[in-house]
Amino acid sequence: MLQPGALAMKREEAKVQGVALAWVIQTIVDESGPRKLAGQSSVQIADELRPIIESIINSLDRWLSPRSAAKPRRKVSSGRR
């Protein structure tokens, strides 16, 4: 069982991770809307946004990971191609 201080820390970590995820989603919405209105297909938009979102996720992963537990970064894959 977690001690009260540890539980509070887990809640704070979850809150930060939730905010980070919201930032990723907001970036997708902000970038995809105008592109769709400009006539780009969903596939074109996804292909162009993939490196942007991948960079954000990798940066967040580095930022949110404990320094001692740093692992090699993974490449986000859509499963397509």
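**Close-up views of salt bridges and a surface patch**

**View 1. Asp47 and its partner Arg50.** At 33% relative accessibility, Asp47 counts as partly exposed, since that class lies between buried (under 20% relative accessible area) and exposed (over 50%), worked out with a 1.4 Å probe and protein chains only. A quick word on the model: it is predicted, so local features need pLDDT of at least 70 and side-chain atom pairs count only at pLDDT 80 or more, while totals for chains, interfaces and linings use all residues. Residues are numbered from 1 along each chain as its sequence is written, and side-chain values use heavy atoms, with hydrogens and water left out. Asp47 pairs up with Arg50 in a salt bridge, at 3.1 Å from N to O; the term stands for a side-chain nitrogen of Lys or Arg within 4 Å of a carboxyl oxygen of Asp or Glu. Arg50 counts as buried, because its relative accessibility is 17%. The two sit 3 residues apart in helix α2, so about one helical turn separates them. Helices here are DSSP runs (H or I, at least four residues), numbered from the N terminus.

**View 2. Glu31 reaches Arg35 within helix α1.** How far apart are the closest N and O atoms of the salt bridge between Glu31 and Arg35? They are 3.0 Å apart. Both residues belong to helix α1, and because they are 4 residues apart there, the spacing is about one helical turn. Glu31 is partly exposed, at 30% relative accessible area, whereas Arg35 is buried, at 19%.

**View 3. Arg35 also meets Glu48.** Here the side chains of Arg35 and Glu48 come together in another salt bridge, with 2.4 Å from N to O. This pair ties distant parts of the chain together: Arg35 is in helix α1 and Glu48 in helix α2 (residues 42-64), 13 residues apart. Glu48 counts as partly exposed, with 36% relative accessibility. Put Glu31 back in the picture and you get a salt-bridge network of Glu31, Arg35 and Glu48. The total count of salt bridges by this rule is 3.

**View 4. A nonpolar patch on the surface.** Which residues form the nonpolar patch? They are Val16, Trp63 and Leu64, and together they offer about 290 Å² of accessible area, calculated by the Shrake-Rupley method with a 1.4 Å probe, where only the protein chains shown count as cover for residues. Patch members have over 30% relative accessible area and no salt bridge; nonpolar side chains (Val, Leu, Ile, Met, Phe, Trp, Tyr) are joined within 5 Å, like charges within 9 Å. Val16 lies in helix α1 (residues 4-37) and is partly exposed, at 31% relative accessibility.
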